[in-house]
Amino acid sequence: MFENLTDKLTGIFNRLSSKGRLTEKDIDEALAQVRRSLLEADVNFRVARDFVAKVKERSLGADVLESLSPGQQVVKIVHEELTEILSGGDHRLTPSSQLPSVLMLVGLQGSGKTTTAAKLALQLRRQGHSSILIAADLRRPAAISQLQTLGRQLEVPVYSEEPQSSTVTQVVKNGVERARQQGLTWAIIDTGGRLHIDDELMQELEDVKAVAQPHETLLVVDAMTGQDAVNAAQEFNDRVGLTGLVMTKMDGDARGGAALSVTRVTGVPIKFMGVGERSDGLEAYHPDRLASRILA
Ligand code: GDP
């Protein structure tokens, strides 16, 4: 992800740095190219426009053009402003003061919810926490068995009930209770998804949320879906309320605009990035590191 954008930005900034002295026109031309590159990477147009305006304002102020290495100064400003648009809110998980902390994963079908549930359990265990995975997607029996298989592989307990004789809210209530009885630190709920956002899905998630009282409600979004991912984040946040996002498939070759726009557009922080299909393919999110990677 971002390879194309990185190549283009590197080219633009190399040309800028090689000029020595810079005029306002040089800055304008370079920033017009930056804006184009961001749009080509599928960054939301308002986010791209505001970003470029901010970089321009700072580059023309504070003696940047009179400095010894104006090109480098501009790159530094770009790095800082990129970090700024990638930042927002708390990027770490916030545990509850009482056991268990409840984490609810929501998202559209195929976004990577079930895979992410297992990845989180593994990552939490590596940090010394215990967890249970709660299979709350009763509409798709395959989702329950997928979670059970992952749980067996990772030796993480999975709570499930017969889908014919239970309801989603019952499963969630009993699963969280099981975690409490066993003194586990996290209860991770894998909820049902659908191909599209609809009222029934949102109602189900609101019901689960009311029962589970989660400390973290994370939306799992497929970064490959571009601005659709941003729109989904907006809708889920409006309806269910989110504490964070997991951007999956960041290892893919999509253009990356979703990751660059989503926090600015929705106000919801990214907390994790999925970087592969395997259970260890989950990275904690650090805006400054991602900005460095994009400008590498
Ligand atoms: P769910 O329907 O939301 O539960 O989605 P799944 O967890 O079943 O994932 C859907 C597909 O995406 C599976 O083939 C996963 O292996 C794949 N997947 C999930 N996360 C990632 C990721 O970060 N990178 C890659 N390359 N594939 C992923």
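Me: Which residue follows helix 9, with a positive phi?
Reply: Bear in mind that we're looking at a predicted model here. Just past the end of helix 9 the phi turns out positive, near 85°. The residue with that angle is Gly 241.

Me: How far does helix 9 reach from its first C-alpha to its last?
Reply: Helix 9 covers residues 227-239, so that's 13 residues, and at 1.5 Å a residue you'd expect 18 Å. The model comes out close to that. The reach is 19 Å.

Me: Which residues of helix 9 are buried, and what do they pack against?
Reply: To count as buried, a residue needs under 20% relative accessible area. In helix 9 that goes for Gln 227, Ala 229, Val 230, Ala 232, Ala 233 and Phe 236. Their packing partners are strand 1, helix 8, strand 5, strand 6 and helix 10.

Me: Is helix 5 mostly covered or mostly open?
Reply: Let's go by the buried residues. Among them are Lys 113, Thr 114, Leu 120 and Leu 124. In total, eleven of the 14 residues are buried, so helix 5 is mostly covered.

Me: What should helix 5 span at 1.5 Å a residue?
Reply: Helix 5 has 14 residues, and the expected span is 1.5 Å times one less than that number. The end C-alpha atoms in the model agree with the expected figure. That figure is 20 Å.

Me: Which helix gives the largest share of the shell around the ligand?
Reply: The ligand has 18 residues around it, with Lys 113 and Thr 115 among the closest. Four residues of the shell come from one helix, residues 113-126. That's helix 5.

Me: How much of the ligand's accessible area does the protein cover?
Reply: Start with the polar atoms beside the ligand's oxygen atoms: a side-chain atom of Glu 277 lies 2.7 Å from one, and a side-chain atom of Thr 114 lies 2.8 Å from one. A backbone atom of Gly 112 is 2.9 Å from a ligand oxygen. On its own the ligand has 580 Å² of accessible area, and the protein covers 80%.

Me: Why does Arg 178 count as partly exposed?
Reply: Arg 178 is found in helix 7, and it touches Ile 132 and Tyr 159, leaving aside residues up to four places away in sequence. Partly exposed means falling between the 20% and 50% cut-offs. Arg 178 fits because its relative accessibility is 34%.

Note on methods. Residues are numbered from 1 along each chain as its sequence is written. This is a predicted model: local features need pLDDT of at least 70, side-chain atom pairs count only at pLDDT 80 or more; totals for chains, interfaces and linings use all residues. Side-chain values use heavy atoms; hydrogens and water are left out. A residue is near a molecule or strand if one of its heavy atoms lies within 4 Å of it. A polar contact is a pair of N or O atoms within 3.5 Å; within protein, one must be able to donate a hydrogen and the other to accept it, and residues adjacent in sequence count only if both atoms are side-chain atoms. Accessible areas come from the Shrake-Rupley method with a 1.4 Å probe; for residues, only the protein chains shown count as cover. Helices (H or I, at least four residues) and strands (E, at least two) are DSSP runs, numbered from the N terminus. Buried means under 20% relative accessible area, exposed over 50%, partly exposed in between (1.4 Å probe, protein chains only). Contact means heavy atoms within 4.5 Å.
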